[in-house]
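Hi everyone, thanks for making time. I'd like to walk you through one model today, so let's put it up on the screen.

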Amino acid sequence: FFDSLTEQKPDPLLELIAKFAADPRSGKIDLGVGVYRDETGRTPVMRAVKAAERHLWETQESKSYIGPEGDPAFLRALALETFGEHHGGRLLAGIQTPGGTGALRLAAELLALDKRRKIWIGTPTWVNHQAIFAAVGLQVGTYRFFDIGKQAVLDDEMLATLQNATPGDAVLLQTSCHNPTGAGLSPQNWLDIADIIAARGLLPLFDNAYQGLGHGRIEDAAGMMTVIETVGEAMVAVSCSKSFSLYRERTGAVYLFGDQHAQLNKGIGNLASHARASYSMPPAHGAAIVAAILQEPSRRHAWVDELSEMRNRIAEIRRAVAEAFAQFRPELANIASQEGMFSLLPISPENVGQLQAEHGIYMPDSGRINVAGMRVEDVASVAQRIGPYLA
Ligand code: PMP
């Protein structure tokens, strides 16, 4: 049986990590990594997480099963933090998932109940999006989202494509800190998107994986809330991996928005039944940590502070990166106003290979860089080494 399987290519980012680790050069730099790094190059456990874990260790009395929907206290607290008290004036219901990826997969399963449905995704996007939707048999349509040379969002193309989508189709939107481009949408863009989605009868699916790492926790959700308010029905996949630095704890949720409790309950029931048939129930520890942080004012305060430190460091590096790279390509000055960890450089895959071989600078073939992979003091020298290779 195993002989009959097709060989699968290893994940290029994981390969890159292994190659970087094996590189003996001392000045090597890893810009491919998909996690936040502090100024010392570490991805630390957040102080609030440590405090919550201490609290759980002292108070948790059982590791018995939870239900497929997960921890209701986590779902309530995360919803309040993510969508605010008013949550777009709509009703909402949630289910806990194994990370943001698990959330997207569960949401995709629901959409794929109708195989005629297409989901529209922007290009470029996070590499796993295509794979997740293909895995459930959904048709995937694409719209061009970003011009790498101009470092600008192609808002007209995006709106024109959505204008022609079939009623009932889904639209994937990244809430903030777009992976891999860092490009944000303007308030007017969000209003236009909301209007088209409402007019065409489309269903928005938000991938909310970086809230708080762009301009602020509330600011980062503003566009999403505009759409939810306008459209009424929406799905949101939330990841706690980056904003709580809980990557390996696999912590996330899917929230459904609508106007009737009965419909939302039916939706959650369907998601729970998919969960039961695939992993039974989500891992509990990360969600218990998030609940313990958000429900206790001093821990929440510590978390808000540390998240701000992370956001401010990213913004500081962005300013330095923009200044240094703009000497080679003026458009790269836009990196300063982009948000989150990622930006996309105009560079060919061949030159990515050359950079790796000659200078020990690592990034995926796409040219995506994680700005948090650099120390502020290294930015100028990294730019000097990358600059001559830009397209
Ligand atoms: N969405 C986007 C855009 C991402 O970049 C990521 C992580 N790289 C995820 C979702 C999934 O995050 P996780 O499954 O680790 O929570």
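Let me start with a question: how many residues does H8 have, and how far does H8 reach from its first C-alpha to its last? Keep in mind that this is a predicted model. The helix has 15 residues and reaches 22 Å, close to the 21 Å expected at 1.5 Å a residue.

Now look along H8, residues 217-231. There is a kink of about 40° in the helix, and Gly223 sits at its centre. Gly223 is also one of the buried residues of H8, and among the others are Asp220, Met224, Met225, Ile228 and Val231. What covers the buried residues? The cover includes helices H3 (72-83) and H7 (187-200), together with strands E8, E9 and E10. Just after H8 comes Gly232, with a positive phi near 95°.

Let's turn to the sheet. It is open, has seven strands with mixed pairing, and its order is E2-E10-E9-E8-E7-E3-E4. At the edges we find E2 (91-97) and E4 (139-144), each pairing on one side only. On average, neighbouring strands are turned by 25° against each other, direction ignored.

At the E2 end, E2 pairs with E10 (residues 252-258) in the antiparallel sense, over seven bridges. If you want a spot to zoom in on, Gln96 stands opposite Ala253 in E10.

Two helices that pack on this sheet are worth showing together. H6, residues 155-163, touches E3, E4 and E7, and its direction makes about 145° with that of E4. Our H8 touches E8, E9 and E10, at about 155° to the direction of E8.

Thanks for listening, and I'm happy to rotate the view for anyone.

Definitions and conventions
Residues are numbered from 1 along each chain as its sequence is written. This is a predicted model: local features need pLDDT of at least 70, side-chain atom pairs count only at pLDDT 80 or more; totals for chains, interfaces and linings use all residues. Two strands pair if DSSP finds at least two bridges between them. Helices (H or I, at least four residues) and strands (E, at least two) are DSSP runs, numbered from the N terminus. Axes are lines fitted to C-alpha atoms, for helices over the stretch in contact, and angles run from 0 to 180 degrees between N-to-C directions. Two residues are in contact if their C-beta atoms, placed from the backbone, lie within 7 Å. The expected span of a helix is 1.5 Å times one less than its number of residues. The bend at a residue is the angle between axes fitted to the seven residues ending there and the seven starting there. A residue is buried if 20 or more other C-beta atoms lie within 10 Å of its own, exposed if 12 or fewer, and partly exposed in between; C-beta atoms are placed from the backbone.
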